[in-house]
Amino acid sequence: MERVWKPNVTVASVIEREGRFLVVEEETADGLRFNQPAGHLEAGESLVAAAARETLEETAHRFVPEYVVGIYQWPVPQGGITYLRFAFGGTVGEEEAGRALDAGIVRALWMTRDELLDCRARHRNPLVLQCVDDWIAGRRYTLELIRHYPG
């Protein structure tokens, strides 16, 4: 049986410090957009490792995932694509000065929820604000929810 459809598995990091959230401004086909540090799961990689890697590559901050904030299934309207996003919260270190950011990332910045709300038309997708709201609501689930079996 041929498999025609599958979701795109992504990870995102919801990082809050003193009421501000670490986000990236990135180039997309629709122009500059805001997003959490996020990206696709790579072959053989655990979800937790992917979140740490993507955060470092996109923000120059080391990140240690400690919680699952949420799991989100989002079909892109008129896109034929569905994303399955695993969002993590945890501990972030200071920025590594001089570290280059991933191609397409214009900058990493800290924004309040209100600032994010004001620019929601420029969010990469509706999951950006939803993940922040879930974090603010106290949604933190143990990493034991996830089992990774190395290949």
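Two strands pair when DSSP finds at least two bridges between them. The model shown in these close-ups is predicted.

**View 1. Five strands make an open sheet.**
The strand order is β5-β1-β7-β6-β9, and the pairing is mixed. β5 and β9 (141–142) stand at the edges. Each has a single partner strand, so one side of each is left without a neighbour in the sheet. Strands of a sheet pair through backbone hydrogen bonds, either parallel or antiparallel. Inside this sheet, β1 (residues 8–13) and β7 pair in the parallel sense. Six bridges link β1 to β7. To find the pairing on screen, start at V9, which stands opposite L84 in β7.

**View 2. β3 and β4 form a hairpin.**
Two residues lie between β3 and β4. The two strands run antiparallel, and five bridges join them. One residue pair to look for is V24 with N35: N35, in β4, is the bridge partner of V24.

**View 3. Helices α1 and α3 lie across strands of the model.**
α1 lies across β1, β5, β6 and β7. Its direction is at about 110° to β6. α3 lies across β6 and β7. Here the angle to β6 is about 120°.

**View 4. Helix α3 is mostly covered.**
α3 spans residues 127–136, and seven of its ten residues are buried. Which residues of α3 are buried? They are L127, V128, L129, C131, V132, D134 and W135. What do the buried residues of α3 pack against? Their partners are the strands β2 (16–17), β3 (20–28), β4 (31–35), β6 (61–75) and β7 (82–95), together with the helix α2 (113–118). After α3 comes G138, whose phi is positive, near 90°.

**View 5. C119 and C131 are not bonded to each other.**
How many disulfides does the structure hold? The count is zero. Why does C119 have no bond to C131? The closest cysteine sulfur to that of C119 is in C131, and it is 15 Å away, too far for a bond. A disulfide needs the two sulfur atoms within 2.5 Å. C131 is likewise in no disulfide, with the sulfur of C119 as its nearest cysteine sulfur. Are these cysteines buried or exposed? C119 has 13% relative accessibility, so it counts as buried. C131 is also buried, with a relative accessible area of 0%. C131 is one of the buried residues of α3.

**View 6. S46 sits in the loop between β5 and α1.**
The loop joins β5 (38–40) to α1 (47–59). Is S46 buried or exposed? At 18% relative accessibility, S46 counts as buried, because the cut-off for buried is under 20%. Which residues does S46 contact, leaving aside its neighbours within four places in sequence? They are L41 and H148. P150 is 104 residues from S46 along the chain, yet their C-alpha atoms are separated by 8.0 Å.

**View 7. A UniProt record places a domain at residues 4–133.**
The unreviewed UniProt entry gives the feature as "domain: Nudix hydrolase". Over residues 4–133 the chain is 20% helix and 47% strand. The end C-alpha atoms of this stretch are 34 Å apart.

Methods: Residues numbered from 1 in each chain as written. Predicted model: local features only at pLDDT ≥ 70, side-chain atom pairs only at ≥ 80, totals over all residues. Heavy atoms only, no water. Helix = DSSP H or I, 4+ residues; strand = E, 2+ residues; numbered from the N terminus. Buried < 20%, exposed > 50% of the residue type's maximum accessible area, 1.4 Å probe, protein only. Contact = heavy atoms within 4.5 Å. UniProt positions renumbered as here; feature names shortened; annotations may be inferred. Axes fitted to C-alpha atoms, helices over the stretch in contact; angles between N-to-C directions.
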